[in-house]
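I sat down today with a simple aim: to look up how protein and DNA meet in this model. Here are my notes, in the order I took them.

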Amino acid sequence: MDGPLIDSNGGAPGLSDRLRATPATIRHRKASTVSSLPDLNEAQRAAVEHGAGPALVIAGAGSGKTRVLTARVAHLLARGIAPEAILAFTFTNRAAREMRARIERTVGEAARRLWVGTFHATGVRILRREARGGALPGIGPDFVIYDREDQETVVAAAIAALELPEGTLRTGEVLRRISDAKNALVSVEAFERAAVSPHERRIAACYRRYRDTLRGQSALDFDDLIGDVVTLLRDRPEIAERYRRRFVHVLVDEYQDTNHAQFRLVEALAAGHGNLFVVGDDDQSIYRFRGADLTNVLEFERAFPGAAVIRLEQNYRSTANILRAANAVIAHNRDRKGKTLWCDREDGARLRFVLAADEADEARCVRARLEEHRRRGGRLDECAILYRTNAQSRALESELRLHGIRYEMVGGVSFFARREVKDLLAYLRLALNPADRVAFWRVWNTPRRGLGDAVRARIEALGDAPPLEALRSLAGEGLRGAARGGAESFITLIDELRAGLNAPPAELLRLVLERTDYLRMLDDERDGTSADRRANIEELLVAASDHASAPADDGSGDVAGFLAEATLVTDADRVEEGADRVLMLTAHTAKGLEFPVVIVAGLEEGLFPHGSSLDEPGQLEEERRLFYVAVTRARNEVLLTAAAYRRRFTAEGVFAARGGAVSRFVDEIPAELVDREETLQPAVRFPAWASRRRAGAAGPAQSDGPAYRTRGPLARVVGKEVYHETFGRGVVVMAEGAGPDARYTVRFGTQLKKVMGRFLTGGVDVD
DNA sequence: TGCGTTGACCCTGGA
DNA sequence: GGTCAACGCA
């Protein structure tokens with residue numbers, strides 16, 4: 001059997017040029033020779049050979065859409081289109097790499113001249129070029145890209161500057177509103193005009209301040225990487241014309257997850273020739289929170305009159321049972337173009353659903369399933385554990401670690417967002433762009449060099465001057481002792497980095513490590529993370545030297561290019577094939593991947609579908625699509641799990657145990673396709689509301705339900721280990737009442753019991 | 001004045 | 001379980 005592969009149809013392996021092929025993947029390579037289009041079905045062939053003009057390919061899960069895109073590019077090249085005249089947008093860097101690698105296998109070197117990349121990477125490429133030509137007012141070619149954390153810093157400062165009462169505006173909300181505005185191409189001025197309520201006006205004020213701050217620092221955020229290109233092409237027709245003449249064919253993968261700005265970018269590039277080829281699946285649109293706009297698919301034909309519409313409905317990936325289950329669930333959605341996938345594979349095993357006692361028990365079931373797979377001779381990398389939220393990984397991780405099962409978590413804290421990595425990169429950012437205040441404040445006293453709030457206030461009093469220069473003038477006169485020495489060594493280091501910007505990034509990073517004694521700082525922290533962080537730094541150095549050997553075709557220096565890549569790369573881009581470990585990832589991150597065995601954990605109302613979606617039909621449909629994506633990742637087997645009780649943090653910040661009903665999505669799978677099990681024999685019946693909610697699942701979503709919540713000291717009892725004279729060791733899953741009357745629901749092994757507090761010893765004697 | 005420790009608040013998803 | 005602001009200490 002094969003390991004996890006990119007959406008590939010027919011088992012053709014996803015290979016990236018940086019990753020080594022495993023024997024299994026090499027075996028399949030022959031099958032994907034595309035020049036003669038040997039083994040395409042009729043619909044696929046029609047898509048690949050589509051002539052001029054717009055085309056919308058509705059490609060169901062596992063229907064070979066990546067293959068079609070790749071084959072189409074090869075087909076265009078074979079028809080004499082120059083590689084530099086083709087622009088393809090992919091959803092991940094990894095997909096871009098793989099597409100390029102596959103095309104290279106057919107057409108060789110020429111593939112290097114294609115433009116294949118994510119919207120963001122392509123945006124950087126265009127902006128970098130045009131910035132060199134001076135086409136972007138106020139933005140130099142060495143602009144930096146602010147990631148989420150950097151953005152938060154800026155927004156927090158903007159909110160603080162408004163001097164509102166504590167808690168009036170929250171960073172997260174403001175950031176989301178700014179991002180939404182940018183994705184919809186709403187300028188600061190337009191936002192201000194539309195803002196009527198005091199709340200809206202305050203957000204508008206933050207937006208303005210945020211924009212001005214970024215401009216002042218020659219910084220762009222993720223949304224700017226697209227929005228600024230759209231603005232550029234709109235305001236500078238001659239530049240737009242240049243790109244239109246250059247790119248004769250524009251292709252877009254995962255079209256269902258494009259937002260308005262991306263739509264406008266594509267539209268602007270394809271205007272005139274109209275050779276726009278988009279591939280997507282409305283049933284797999286799962287990024288609405290990021291502005292993805294399904295109307296881009298649903299109204300493609302209106303936006304591009306005369307568009308050909310081609311449907312790929314044959315699935316080559318999953319067994320018939322898996323496909324039937326997925327079809328049945330997604331049929332509950334109303335807002336779709338409508339299609340039914342079919343396949344000619346055998347029925348295969350039924351899906352399995354297990355209701356576990358709590359999340360620890362659920363983790364145990366997952367682990368047991370993995371061990372079963374291994375006993376049958378399977379490999380761990382054939383399995384993936386999917387969940388709705390990253391927070392769910394914790395219980396799974398500890399169970400797998402305890403039993404020595406190797407795993408790799410994808411997502412969560414991205415590699416380049418780790419503290420130690422961002423610290424080191426901030427030195428480079430500062431050297432490249434002294435106006436980058438976020439980078440300055442990140443590292444000016446990291447590692448500690450005797451600088452603190454007092455000096456900070458004096459620098460800030462100097463206003464807009466680059467902070468490094470402010471510090472330089474202070475070091476000359478106003479500072480004494482440790483602060484002076486610290487400031488001087490910092491300034492010297494940055495100056496040296498500046499002078500050495502032409503050197504390879506890895507060399508600069510080594511200089512930073514050496515001068516700052518950064519590693520010693522890590523050791524001194526004594527929090528047990530030192531070894532991990534050191535390893536990450538090692539990896540950063542490797543990534544930096546890898547980058548040096550890659551061509552910078554946008555003409556940017558190594559350092560600027562490396563920093564951009566570091567910001568835009570995601571964890572999913574870095575997953576390696578062939579390692580024997582199970583992957584753990586969110587359903588979102590799993591998009592585009594496939595695995596022989598898929599485990600979807602946490603299938604409870606309020607978690608998957610997520611609680612925030614329950615009041616809104618549109619949002620609920622998005623959750624259902626996400627579940628559909630999760631299930632259709634599987635080739636052969638699906639295990640669905642849920643926990644009767646789960647410890648969670650709620651919005652109120654309360655440590656709570658709640659029993660959720662089983663997810664409605666499980667119930668939407670026809671009963672004959674699922675084997676259901678419960679691992680616990682409840683001596684205590686589940687609270688009535690749990691089943692009531694389940695019964696009412698088809699109706700309007702109920703409020704959050706009477707989920708039992710413990711507050712104060714009681715809350716700390718939930719999840720604690722306790723002992724009972726007859727039942728032995730157990731774990732508290734729910735607490736009710738207080739004082740001597742307190743009663744606890746405790747899981748002893750697979751038994752659930754309700755016990756008075758006085759019969760328990762352990763952590764329960766709290767009032 | 002900077003540093004280390006303690007308690008509030010907190011997580012949907014991610015380029 | 002993780003981060004950050006506020007606190008008192010060197």
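Which element gives the largest share of the surface near DNA strand B? I looked it up, and α20 does, with three residues. A reminder to myself before going on: this is a predicted model.

**Entry: helices at the strand.** I noted that α20 spans 453–461 and α27 spans 587–590, and that each supplies at least two residues of the surface near DNA strand B.

**Entry: who is around the strand.** I found 29 residues around DNA strand B, and F289, R290, R388, N390 and T589 come nearest. I then looked at the DNA side: sugar and phosphate make up 47% of the strand B atoms that come within 4 Å of the protein. Sorting the surface by class, I got 14 polar residues, eight nonpolar and seven charged.

**Entry: phosphate oxygens.** I checked which protein atoms sit by the phosphates of DNA strand B. For N445, a side-chain N or O atom is 3.3 Å from a phosphate oxygen. D453 uses a backbone N or O atom instead, at 3.2 Å from a phosphate oxygen. With A454, a backbone N or O atom is again the partner, and the distance to a phosphate oxygen is 3.0 Å.

**Entry: confidence.** I read a mean pLDDT of 83 for chain A, with 84% of its residues at 70 or more. Residues 1–35 have pLDDT below 50, and I see 87 contacts for this stretch in the model beyond near neighbours in sequence. Residues 650–657 are also below 50, with 23 such contacts.

Technical notes: Residues numbered from 1 in each chain as written. Chains lettered and ligands numbered in written order. Predicted model: local features only at pLDDT ≥ 70, side-chain atom pairs only at ≥ 80, totals over all residues. Heavy atoms only, no water. Near = heavy atom within 4 Å. Polar contact = N/O pair within 3.5 Å; in protein donor to acceptor, adjacent residues only side chain to side chain. Helix = DSSP H or I, 4+ residues; strand = E, 2+ residues; numbered from the N terminus. Nonpolar A, V, L, I, M, F, W, Y, C, P; charged D, E, K, R; others polar. pLDDT = per-residue confidence, 0-100. Contact = heavy atoms within 4.5 Å.
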